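Here's a quick briefing to keep open next to the viewer. Load the sequence and the structure, then work through the notes below.

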Amino acid sequence: MIRGRKAKLQVFRIVAFVLFGGFFVMPIYAMFEFSTRGNGADAPRTLANWQAIGTYPDMVAGIVNSLELAAITSIAILVVLVPTMVWVRLRLPRLRRAIELISLLPLTIPAIVLVVGFWPMYQWLGNNVSDSILTLSFAYAILVLPYAYRALDAGLAAIDVKTLSEAARSLGAGWPTVIWRVIVPNISSALLNAALLSVALVLGEYTIANNLLYPNLQVSLVSLGRTNAGVSIAVAVASLLFAFALLIAISFVGRPRRMRSEVA
Amino acid sequence: MSTARPGIEVRLENLSRRYSGVTALDGLNLTMAPGELVALLGPSGCGKTTALRLVAGLEDADGGRVVIGGQDVTNVPANKREIGMVFQAYSLFPHMTAMQNVEFGMQLHEVGPAERHKRACEMLDLVGLSAHVNKYANQMSGGQQQRVALARALAIEPKVLLLDEPLSALDARVRARLRDEIRRVQLEVGTTTLFVTHDQEEALAIADRVGVMNAGHIEQLGPPTAIYSRPATPFVAEFVGLTNRLAGVVKGGEVEVRGTRLPLVEPDSTDGPAIALVRPEAVSVAADGDLSQSPLVGSVISTVFLGATSRVTVDLGDITVLAQLPTSAVGAITAGTRVRLSLRRDPVLIARDDKAPTEA
C-alpha cells in the first residue's frame, strides 16, 4: 500500500512538473518562435531580429539603465537594511513589529499610487539634484523593501545575532567589524536572496519608470514594440533568459558554504 | 606558559541597574583580587548575569563604577575593555574554523600572522583541542565548542575573564570535566575571573570565593567552605546545599528543636518561635536503641544511594527530615524501617517565618 502511495506521489510529481513547466516554457517558446520568424509566410527562420537589437540605441540604453539600476538598488537596499535590522534586533527589539510593518507597506500600495507620490519628489530631484535615470533607484529601493526585508529577516532569524555580536564585541570588534566580518558571512544566502529578488524586480519594473518618464528596459521594450515587434520580443526573451541565468549563477555562488556544512 | 601574566584587580563599586522599573542590581560591591576566581551564585533573576554584563560593557550601569586594574572603565565600550568572555549559548562564529575563531580577536588586536598562529595553537593546545583546529562549530560537540570559546577569550590576553554560565548547556559528565578544566586553565594563565552560575556545586568546586546573590545584591561573599558551613543568612543556608527546616523555640542563645538544644550561629537572637535550618549531614540515623520515647522517631520513606553517601528521608509524622550519611552507615535501613534521629550540636541558623527564604 505504501508502495502504491509512493508511486502515486511520483506520478503526481511528474504531472505537476510537466504542467507547470509547460506553463512557464510555452510563452517563452512562443516569443522565441515569433522573434525568429522571417518576413513572409514561407520565409525561413532567421535571427535577424536578434542581430538587430544592437542597432537600436534606445534599446541598448534601456538595457544598460536597467542593469545599473538593478545593481545600485540591490546594493543600496542591503547597505541600508542589514545594519538597521541588526541594530533593531539588538537594541530596539520593541520596534521590530513597527519596522516590519513599515517595510511591508509598499506591498499594499499599488505602483501607480506610488507614482502619484513620487511625481513631485522626482520633479524636485530632476530640477535640483539630477535628472539621471539612476535616481529611480530611490523609488526602486522602496519597491523592493518588503522582499529584501523578508529575505534578510529569515537569514537573521537563523543565527544567534545577539550572542555572536557580543562575542565579537568582547574580542575587540567595533560595530562595522561585527556586521561585516561576523554577521554578513553568516547570512550570505539571505543576502543573495534579497539581492536576487531586488534584481528581478527592478529588471521587470515598468509602471514607475514609464510614468516618471524614465526609459528603462521595460519602457524601451514597449516603445520599440510599437515600431518593430520582432526585435522587441527578441529583447524580452533575452532579458528573461538573462534573469534566469543570473538566478542560477547566484544560487551557485551560495552553494559552496552549504556543501561544507553538509560534510559535518 | 608564555601567556601567563600577573592578574589584575577588578572592582565593582556600588553598581546598580534597573530594567523598566525592576531593579536587577542594587548597589553591588565586589573587589576581586588579582588572579582570583570569584563565582557569583544565585537563583535566576538575582542579578548575577547583569553584574557580569556590566563588567563586560555589554550593558550600561545606572549607577556605580567598574574599575579594572585601577582604571575606571564604566564608560568604555565593550570592544575597548580587553575582556574575554565565554557565553552560555554557543558563540563560535559558524563560518570560521576553531583556529580562525581563536585568531579573530588577535587579528583585531593587530597581532602579526605568525605570532597569531603560534599563540592560537598554544591556546587550543591548552584546552586540549590540538586535533580539532580545522573544524567548524557544527562539526564539534558542545563541550568542544565551549573549549574553543575559552581559548578564543584567553587568546587576546584579557584583563578579566568573564564566564556566563558556560557549562549549563552541557550534559552532566562533560560539565564536571570542563569545570575542572576551566579551573586548571585559569590557574595556569592567572587571569582574574568572574564566573556566573546558578549551580551551587559548580560554584563551590571551582571558585576561590563565592558570592551568593539574592535580589540584586551579594548576601554573602567568602571561600566555598565558609559559604557552606557558616552561611551568613537563611537565604544562603537554603540556597547552598539542602536544608531541613525544623520548627523550634529560641531560648537563651540556643534553639530547642524537638527536645534537642542546638547552639545558634547568632547567639543574641531574640527568644521565641523560630525555624532552625539543619543540614542533612548534621542528622544521624539509628535503627536501634529506644524507639518509643524520643520525639525524633519516625519511619524511613526512602533511601537514595549517591555513591559514598546516601540520603535518607524520614517521616516524623508531621514533617519529613532529610539525613545524609555515609553509605556504610545505612546498613539495614530501608523504606519502612523505624529509626531514631539525632541532631549534631553544630551551630545552626534560624529563620523567622516572615522572612522565609526564596525557593532555590
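Start in chain B, with α3(B) and α4(B): their axes cross at roughly 135 degrees, and since angles over 145 would be needed for roughly antiparallel, the pair is therefore oblique. Keep in mind that this is a predicted model. From there the notes move to a second helix pair in chain B, the sheet, the domains, and then chain A and its contact with chain B.

**α3(B) against α4(B)**

- Helix α3 of chain B covers residues 113-126 and helix α4 of chain B covers residues 142-155, and their axes come within 9 Å.
- The handedness here is right-handed, with α3(B) passing α4(B).
- On the α3(B) side, the contact is made by B:Arg119, B:Ala120, B:Met123, B:Leu124 and B:Leu126. Facing them in α4(B) are B:Ala151, B:Leu154 and B:Ala155.
- Sorted by class, that contact comes out at 7 nonpolar, no polar and 1 charged residues.

**α4(B) against α5(B)**

- Helix α4(B) also packs with helix α5 of chain B (residues 172-189); the axes come within 11 Å and cross at roughly 15 degrees.
- That angle is why α4(B) and α5(B) count as roughly parallel to each other.
- This crossing is right-handed too, as α4(B) passes α5(B).
- From α4(B) you get B:Gly143, B:Gln146, B:Leu150 and B:Leu154, while α5(B) brings in B:Val174, B:Leu178, B:Ile182, B:Val185 and B:Val189.
- The class split for this contact is 7 nonpolar, 2 polar and no charged.
- B:Leu154 is worth clicking on: it meets residues of α5(B) and also belongs to the contact with α3(B).

**The sheet in chain B**

- Chain B has an open sheet of 5 strands, ordered β15-β19-β16-β17-β18, with antiparallel pairing.
- β15 (283-286) and β18 of chain B sit at the edges with a single partner strand each, so one side of each has no neighbour in the sheet.
- Going from one strand to the next, the twist averages 45 degrees.
- Strand β16 (residues 297-305) and strand β17 (residues 309-315) of chain B run antiparallel and are joined by 6 bridges.
- To check the register between those two, look at B:Ser302, which stands opposite B:Thr313 in β17(B), and at B:Phe305, whose bridge partner in β17(B) is B:Ser310.
- β16(B) and β17(B) make a hairpin with 3 residues between them, and B:Gly307 in the turn has a positive phi of about 105 degrees.
- Next along, β17(B) pairs with strand β18 of chain B (residues 320-326) over 7 bridges, again in the antiparallel sense.
- For the register of this pair, B:Thr309 stands opposite B:Pro326 in β18(B).
- The hairpin of β17(B) and β18(B) has 4 residues between the strands, and B:Gly317 takes a positive phi near 100 degrees there.

**Domains of chain B**

- The domain assignment splits chain B into domain 1 (10-235) and domain 2 (242-354).
- Centre to centre, by C-alpha atoms, domain 1 and domain 2 of chain B lie 38 Å apart.

**Chain A overall**

- Chain A has 13 helices and 0 strands.
- Its C-alpha atoms fill a box of roughly 75 × 70 × 30 Å along the principal axes.

**α3(A) against α11(A)**

- Helix α3 (residues 57-91) and helix α11 (residues 217-227) of chain A pack at about 160 degrees, with axes 7 Å apart.
- These two are therefore roughly antiparallel to each other, and their crossing is left-handed.
- A:Asp58, A:Met59, A:Gly62, A:Ile63, A:Asn65 and A:Ser66 in α3(A) meet A:Leu217, A:Val219, A:Ser220 and A:Leu224 in α11(A).
- By class, that makes 5 nonpolar, 4 polar and 1 charged residues.

**Where chain A touches chain B**

- The contact draws 17 residues from chain A and 22 residues from chain B.
- On the chain A side, the elements giving two or more residues are α7 (161-170) and α8 (175-186).
- α7(A) supplies the largest share of that side, with 6 residues.
- The chain A side divides into 7 nonpolar, 7 polar and 3 charged residues.

Terms used:
Residues numbered from 1 in each chain as written. Chains lettered and ligands numbered in written order. Predicted model: local features only at pLDDT ≥ 70, side-chain atom pairs only at ≥ 80, totals over all residues. Axes fitted to C-alpha atoms, helices over the stretch in contact; angles between N-to-C directions. Parallel < 35°, antiparallel > 145°, perpendicular 65-115°, else oblique. Left-handed = near helix turned anticlockwise from the far one by under 90°. Contact = placed C-beta atoms within 7 Å. Nonpolar A, V, L, I, M, F, W, Y, C, P; charged D, E, K, R; others polar. Pairing = 2+ DSSP bridges. Domains from an automatic or database assignment.
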